[in-house]
Structures are given as structure tokens and as C-alpha cells.
Amino acid sequence: MNYTESVAYIHSFPRLAKTGDHRRILTLLHALGNPQQQGRYIHVTGTNGKGSAANAIAHVLEASGLTVGLYTSPFIMRFNERIMIDHEPIPDAALVKAVAFVRAALERLQQQQVDFNVTEFEFITALAYWYFRQRQVDVAVIEVGIGGDTDSTNVITPVVSVLTEVALDHQKLLGHTITAIATHKAGIIKRGIPVVTGNLVPDAAAVVAAKVATTGSQWLRFDRDFSVPKAKLHGWGQRFTYEDQDGRISDLEVPLVGDYQQRNMAIAIQTAKVYAKQTEWPLTPQNIRQGLAASHWPARLEKISDTPLIVIDGAHNPDGINGLITALKQLFSQPITVIAGILADKDYAAMADKLTAAFSTVYLVPVPGTPRALPEAGYEALHEGRLKDSWQEALAASLNDVPDQPIVITGSLYLASAVRQTLLGGKS
């Protein structure tokens with residue numbers, strides 16, 4: 001297979017399986033030599049912020065001289081972004097080779113058991129573990145797909161586990177309460193393995209407290225064990241101070257906006273420090289400073305155009321929308337236009353209500369290129385916002401009606417990805 005055929009093959013697998021367990025991926029990994037049992041890992045989960053935190057953790061450790069794998073989802077510009085080493089996406093030729101190798105292992109299993117198969121995420125996860133092992137990375141930062149305990153990535157024993165926050169999302173899979181969702185996410189906490197978390201809401205904190213009591217894990221919590229005592233906007237980014245029991249690191253800069261990114265970056269710093277301590281690896285304040293300064297992360301309140309001013313963001317649940325609204329009110333004193341596209345399996349009514357209550361000009365558009373897009377009837381039932389057939393139509397309407405008004409496109413990482421690919425083309 002060539003590159004295009006290899007990616008199409010990956011996408012040919014079913015998205016979800018009827019059983020939420022690890023039997024399929026463990027069987028495939030065993031056929032690949034159990035690469036997940038070799039090497040060092042950092043495991044990251046959370047309702048929001050896990051991608052930003054994972055990205056920053058990797059950057060900080062890279063700045064210290066380590067070779068770092070990074071596994072995230074979804075991709076924004078190209079599939080290869082999901083599997084990176086030192087922030088270089090897996091090369092096309094290497095991806096083709098890896099897909100062929102994992103496919104061959106899968107087909108051998110299917111010869112023994114005709115009805116054996118894996119999901120798309122299981123195949124990619126197995127491929128990532130195999131690739132990182134082949135390249136002998138020093139450490140791989142692994143972002144959970146959904147939840148934690150039954151997620152396909154949760155077949156490793158990490159050096160440190162991370163839980164950024166817990167809020168309502170993916171309720172059909174994880175449960176309809178914070179306690180249920182937190183229980184899933186706390187499933188990545190392993191016996192004796194340190195865990196770094198955000199300042200969790202009480203129900204989630206109670207779950208983590210019970211979990212660490214049974215696992216004997218050290219729990220390091222934002223605003224208790226480490227914090228950001230001072231922060232301010234600095235261009236299209238932030239300058240802040242980080243503090244923990246070792247002291248302060250002042251004037252750190254990160255090219256990300258939004259108060260929640262202060263927490264994500266603090267979590268990343270604490271995680272990198274815990275990793276360095278556990279592995280006796282030297283990590284300096286200068287490494288931390290350099291790593292954060294490099295922590296660009298596309299489609300997270302990312303400004304992709306100055307004239308007109310266009311910002312894209314992947315907020316895709318009510319909690320994420322709350323954070324987005326707060327950030328936008330800090331960033332802009334003038335009215336803004338919001339273009340929102342939401343998936344049908346999200347709490348689209350709550351998300352649209354929050355946006356239309358906060359901003360006077362809100363266009364609701366379909367998310368292109370996914371069967372999970374909210375159908376037109378779903379938008380019509382909202383009775384709020386201006387309905388448009390596409391984000392391009394909404395963008396044109398905004399530029400025609402209020403050409404000087406900043407435009408924010410949000411509601412789904414899939415929409416942000418489509419916009420970024422169209423407007424930036426081959427630019428990274």
C-alpha cells in the first residue's frame with residue numbers, strides 16, 4: 001500500500017466496539033512483541049486540556065535532551081501528527097511501513113480466529129506503541145482517547161499519570177455524572193505510580209482520593225501542591241510564574257491564551273519534574289522555560305489570521321465553551337462573531353445556549369466531513385443563532401456584514417481542523 005491507501009486502511013476499521021475491554025488490543029500487541037511493556041511512558045487523561053498538557057510535557061522533556069514520543073488525537077492538518085517523535089510527525093514512508101507490519105500481524109491473528117478484529121483507535125494505538133519501541137524513544141507521552149480505565153491506551157505502566165480535569169462529556173460511554181466520569185479517568189492511576197491532577201471539582205476529587213488511597217500513589221494537585229500565583233497576557237500568549245515546594249520559576253512564557261492554559265502548563269511542569277525525579281534525569285528551569293516557549297498547539301484559541309482577525313478553537317463540550325467564553329471576554333473588548341459547528345453526540349443545546357447568551361452574533365453551521373455532524377433538524381430545534389449551510393457561508397456573511405469584527409470559529413476540533421486546512425493549506 002502507498003500512503004493514501006495506508007491511511008484509508010486505518011480508517012476502514014470500526015470506530016467503536018461492543019465491549020469496553022483490552023482483550024483485542026492486548027492480543028494485537030502480543031503479536032507485535034508487546035512493545036507497550038518496554039520503554040517509559042507518561043499517561044495523560046482529562047475532559048479538557050489533556051492535549052495541551054501532553055504537548056507541553058513533551059516539549060519540556062525534549063528541551064532537557066530526551067527523545068520523546070507523543071501520541072495524541074485527533075489530528076488537525078494530517079494524520080501523521082497523531083504519532084510524533086520530538087514533535088516531528090511520523091514520516092509517510094515510516095507510516096506505510098508501520099501499517100504494513102501491524103496489518104500483517106493482524107491478518108495472522110485473523111487466520112487463527114476468523115472473526116477477530118480491532119477498532120480504528122486500537123489499531124492506531126498498537127501502531128504507535130510499536131513505532132515508539134522501534135525508534136527507541138526515551139519516553140512516550142500518551143494521550144487517552146476517551147475516559148481512562150477501558151481506553152485502549154491503558155495497557156501501560158507509566159512513570160507518572162496525569163488527570164487535567166473532569167467535566168461532563170461522552171456521557172453515553174462514560175456515564176452521566178461527574179463521579180462516573182471521574183471513575184473512568186482515575187482508571188489510569190496505577191499502584192505506586194505518582195499522579196498529577198488539576199484542581200478537580202469535589203466529586204472528581206473524592207474519586208481520585210479514594211483511588212490513590214487504594215493504590216498508594218502520591219497525588220500532586222494544582223493549587224495545593226503547585227500553582228500559578230501570577231499571570232498576564234503577553235501578546236497572543238501568556239507570561240506567568242510557577243510555584244511548588246522547590247520554589248518559584250518566574251516570567252515563563254507560553255504561546256497559548258486562556259486562563260485554563262495556565263493550569264495546563266503548570267500540570268505539564270509538575271509532571272515533567274516528577275518524571276525527572278523518578279528517573280533521576282536532570283531537568284533545569286531553563287529546560288522548562290525553553291519547552292514552554294515552544295509549546296504551540298494548533299486549534300486551541302489559535303489566531304490564524306490578523307486581517308481579518310480569525311481565531312479557531314476546538315472547545316467541544318459545555319465546560320470547554322465556558323472556558324472559551326471567559327477567554328474571549330478577556331481578549332476582546334469589542335463585539336465578536338462566533339461561528340459554531342457541533343457534533344450530534346455532544347450536548348449541543350447547552351453549548352449553543354451558552355454561546356448565544358454570551359455573544360450577539362452567533363452562526364450555527366454543520367461540521368464537515370463526519371457522520372457525527374449535527375443534522376440540520378438538530379440546529380433548527382435550537383431556535384437560537386443564525387443557521388448557515390457551511391462555515392464558509394457564515395464567514396462570508398460576517399465579513400460582509402461586519403468586516404472589522406473578530407471572528408471565532410469553534411464547537412469541534414473537526415471543524416477547527418477543516419477551517420485550518422482550508423485557510424492555511426500546507427502551512428503548519
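# Notebook: pairs, rings and odd backbone spots

**Entry 1: Arg420 and its partner.** I started at Arg420, which is buried, with a relative accessible area of 5%. A reminder to myself: this is a predicted model. Which residue does the side chain of Arg420 meet in a salt bridge? I found Glu302, with 2.7 Å from N to O. The two come from distant parts of the chain, 118 residues apart. Glu302 belongs to strand E12 (residues 302-305), while Arg420 belongs to helix H15 (residues 413-424). I also looked up the accessibility of Glu302: at 16% it counts as buried, because the cut-off for buried is under 20%.

**Entry 2: A network of four.** Next I followed salt bridges that share partners, and they join Asp21, Arg23, Arg24 and Glu122 into one network. I took its pairs in turn.

Asp21 bridges to Arg23, and their closest N and O atoms are 2.8 Å apart. Is Arg23 buried or exposed? Arg23 is exposed, because its relative accessibility is 56% and exposed means over 50%.

Arg24 bridges to Glu122, with 2.9 Å between the closest N and O atoms. Arg24 sits in helix H2 (residues 23-31) and Glu122 in helix H5 (residues 120-135), so this pair ties together parts 98 residues apart in sequence. I then checked how covered these two are. Arg24 has 15% relative accessibility and counts as buried. Glu122 has a relative accessible area of 1%, so I noted it as buried too.

For the whole model, I wrote down a count of 16 salt bridges.

**Entry 3: Ring pairs.** I turned to the aromatic side chains. How many aromatic pairs are there? The count comes to 11. One of them is Phe101 with Trp130: the ring centres are 4.6 Å apart and the planes meet at 20°, so I logged the pair as stacked. Phe101 is in helix H4 (residues 92-112) and Trp130 in helix H5, so the pair ties together parts that are 29 residues apart in sequence. Phe101 is partly exposed at 39% relative accessible area, whereas Trp130 is buried at 8%.

I also looked at Trp236 and Phe332, whose pair is tilted, with 6.2 Å between centres and 50° between planes. These residues are 96 apart along the chain, and both lie in loops: Trp236 between E9 and strand E10 (238-244), Phe332 between helix H11 (318-331) and strand E14 (337-340). Trp236 is partly exposed, at 25% relative accessible area, and Phe332 is buried, at 9%.

A note for later browsing: Tyr9, Phe13 and Phe123 are linked by ring pairs into a cluster.

**Entry 4: Charges over rings.** Tyr9 came up again here. Which residue lies over the face of Tyr9? I found Arg103, at 4.4 Å from the ring centre. I added a second case, in which the charged end of Arg224 sits over the ring of Trp219, 4.8 Å from its centre.

**Entry 5: Backbone spots.** A page for the backbone. Most peptide bonds are trans, and most residues other than glycine have a negative phi, so I went looking for spots that depart from this.

The bond from Ser73 to Pro74 is cis, with omega near -10°. Pro74 is in the loop between strand E2 (68-71) and strand E3 (83-85). The bond from Thr307 to Pro308 is also cis, with omega near -5°. Pro308 lies in the loop that runs between E12 and strand E13 (310-312).

For phi, I noted Asn34, which has a positive value near 50° though it is not glycine. Asn34 is in the loop between H2 and strand E1 (41-45), and it is buried, with a relative accessible area of 15%. Asp223, another residue that is not a glycine, has a positive phi of about 70°. Asp223 lies in the loop between strand E8 (219-221) and strand E9 (226-233).

**Entry 6: One last proline.** Where does Pro202 lie? I found Pro202 in helix H8 (residues 202-215). At 66% relative accessibility it counts as exposed. I also looked up Pro202 against Thr179: their C-alpha atoms are separated by 9.3 Å, and the two residues are 23 apart along the chain.

How values were computed:
Residues numbered from 1 in each chain as written. Predicted model: local features only at pLDDT ≥ 70, side-chain atom pairs only at ≥ 80, totals over all residues. Heavy atoms only, no water. Buried < 20%, exposed > 50% of the residue type's maximum accessible area, 1.4 Å probe, protein only. Helix = DSSP H or I, 4+ residues; strand = E, 2+ residues; numbered from the N terminus. Phe/Tyr/Trp six-rings, centres within 6.5 Å; stacked < 30°, edge-to-face > 60°. Lys NZ or Arg CZ within 6 Å of the ring centre and 35° of its normal.
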